[in-house]
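Please open the model in your viewer and display it as a cartoon with side chains available on request. The tour below proceeds selection by selection.

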Amino acid sequence: MNAIITATELASELAKPVPPVLLDVRYQLGGPPGRPEYEAGHLPGAVYIDLDDELAGTPGPAGRHPLPALDVFAKAMRAAGVRAECPVVVYDGGQGWAAARAWWLLRWGGHPDVRVLDGGLAAWRASGGALSTGRPHPSEGDFTPVPGALPLLTADDAAALARRGVLLDARAAERYRGEAEPIDPVAGHIPGAVSAPTTENVAERSTVFRDASELAERFAALGATPDTEVGVYCGSGVSAAHQVLALAVAGIPAALYVGSWSEWCADPSRPVATGPQPG
C-alpha cells in the first residue's frame, strides 16, 4: 500500500460508503497552535489532533518530542473515531512533517492502513476540494495501539547503526555541519550520520513529494537502498518521520530515532561530530 494519497484520490475515497477517517495535524514548530487554523477551515469531517499534547510526551532528557504516553495517544485516536479496520488519512498545512509524525505513530502502533495527503491542505484546495468550519463528532473508535510494527531506535541503537548501516540526519545542512543551531544547546551531528535534509524530499518550491523513482535515486546516492539497514533522526523526531515516509514511498524501510538530536546532545558524554563529513 502506498503511504501517500493525492487530493484527487482522497476525494474519490471520501465518496465511498465507508470513507477514511480524516485527521488534521496542523502544527508549526515554535508557532501558535494549529487549532485556530483548523477552526477557520478544514477538510469536511476531519478531526483536529494536537501534536504537542497528543502525538508527543513532555519535553525533557528524552528529547523535545518524545513518544506520547500510550494511553494518551490511544485516547486521542479513539476520540477521533480511528478504528482498526477503517483507513486513516492524515494531513497538515502542507509541509507534511506533522502529518508524517501522526502517520508514523499510527503505523508504529499497528494500524495497517494509514496514508498522508500529499501536499496537505494546499493540495486539497488546489484540487477544488471544499473546506468546512463545522466540528465533527465521530463515533468512538476502537483502535488500541500495539507498539512495534515499525522499528524504533534508542540513542545507543542510532550510534551503532551509524557504524554498520546508514543513519540519515534529516535536519538542515548547516545544523548538521554545526554551523548553526537555533534550537538545541549543542551544534553538530551524530558521528557517522549522513546529511539528508528533509526539505529535499519534495519537489522544488512545493510540498508535494518527488516521484518514487526520484526519491529512490536520492537515497541511493546517500547509501540508502532497500538492502541497507537505514535509520533517521532530526532535531526532535518530527521532520525525521517525514524522511521515514519518503523512504517508504521509495520502497526503503527505515527506523526512526524519536529522541533525535535533542535527546542525543542532552547527554554530554555522547560524542559530537561537526563539518560536512560523517566523522
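**First stop: strand 8 and its partners**

Select L168 and V232: L168 stands opposite V232 in strand 8. The model is a predicted one, in which local features need pLDDT of at least 70 and side-chain atom pairs count only at pLDDT 80 or more, while totals for chains, interfaces and linings use all residues. Residues are numbered from 1 along each chain as its sequence is written, and side-chain values use heavy atoms, with hydrogens and water left out. Helices (H or I, at least four residues) and strands (E, at least two) are DSSP runs, numbered from the N terminus.

Extend the selection to strand 6 (residues 166–169) and strand 8 (residues 230–233). These two strands run parallel and are joined by four bridges; strands are said to pair if DSSP finds at least two bridges between them. Now display the side chains of strand 8: V230 and V232 point one way, G231 and Y233 point the other way, and all are buried. Buried here means under 20% relative accessible area, exposed over 50%, and partly exposed in between, with a 1.4 Å probe and protein chains only. In a regular strand the side chains alternate between the two faces of the sheet.

Next, add strand 9, which runs parallel to strand 8 and is joined to it by two bridges. V232 stands opposite L256 in strand 9. Between these strands the chain passes from strand 8 through helix 10 to strand 9, in a right-handed β-α-β crossover. Right-handed means that, with the strands pointing away from the viewer, the path from the first strand over the helix to the second runs clockwise.

**The whole sheet**

Return to strand 6 and add strand 7; the two pair in the parallel sense over two bridges. Here L168 stands opposite V194 in strand 7. In what order do the four strands of this open sheet lie? The order is 7-6-8-9, with parallel pairing. Strand 7 (194–195) and strand 9 (255–256) stand at the edges with a single partner strand each, so one side of each has no neighbour in the sheet.

**Helix 9**

Select helix 9 (residues 212–221), whose buried residues are L215, R218 and F219. They cover an arc of only 90 degrees around the axis, which puts them on the same side of helix 9; the arc is that of the directions from the helix axis to the C-beta atoms. The buried residues pack against strand 6 and helix 10 (239–249), where contact means heavy atoms within 4.5 Å. Rotate to the face turned away from this buried side to find the exposed residues E217 and A221. Then step to G223, which follows helix 9 and has a positive phi, near 95 degrees.

**A residue with positive phi**

Select S260, which lies in helix 11 (residues 260–264). S260 has a positive phi of about 50 degrees although it is not a glycine. Is S260 buried or exposed? At 0% relative accessibility, S260 counts as buried.

**Last stop: strand 2**

Select strand 2 (residues 21–24): V21 and L23 on one side and L22 and D24 on the other are all buried. Strand 2 runs parallel to strand 4 (residues 88–91), with four bridges between them, and the bridge partner of L22 in strand 4 is V89. Strand 2 also pairs with strand 3 (residues 47–48) in the parallel sense, over two bridges. In strand 3, Y48 is the bridge partner of D24. The chain crosses from strand 2 through helix 2 (residues 35–40) to strand 3, and this β-α-β crossover is right-handed.
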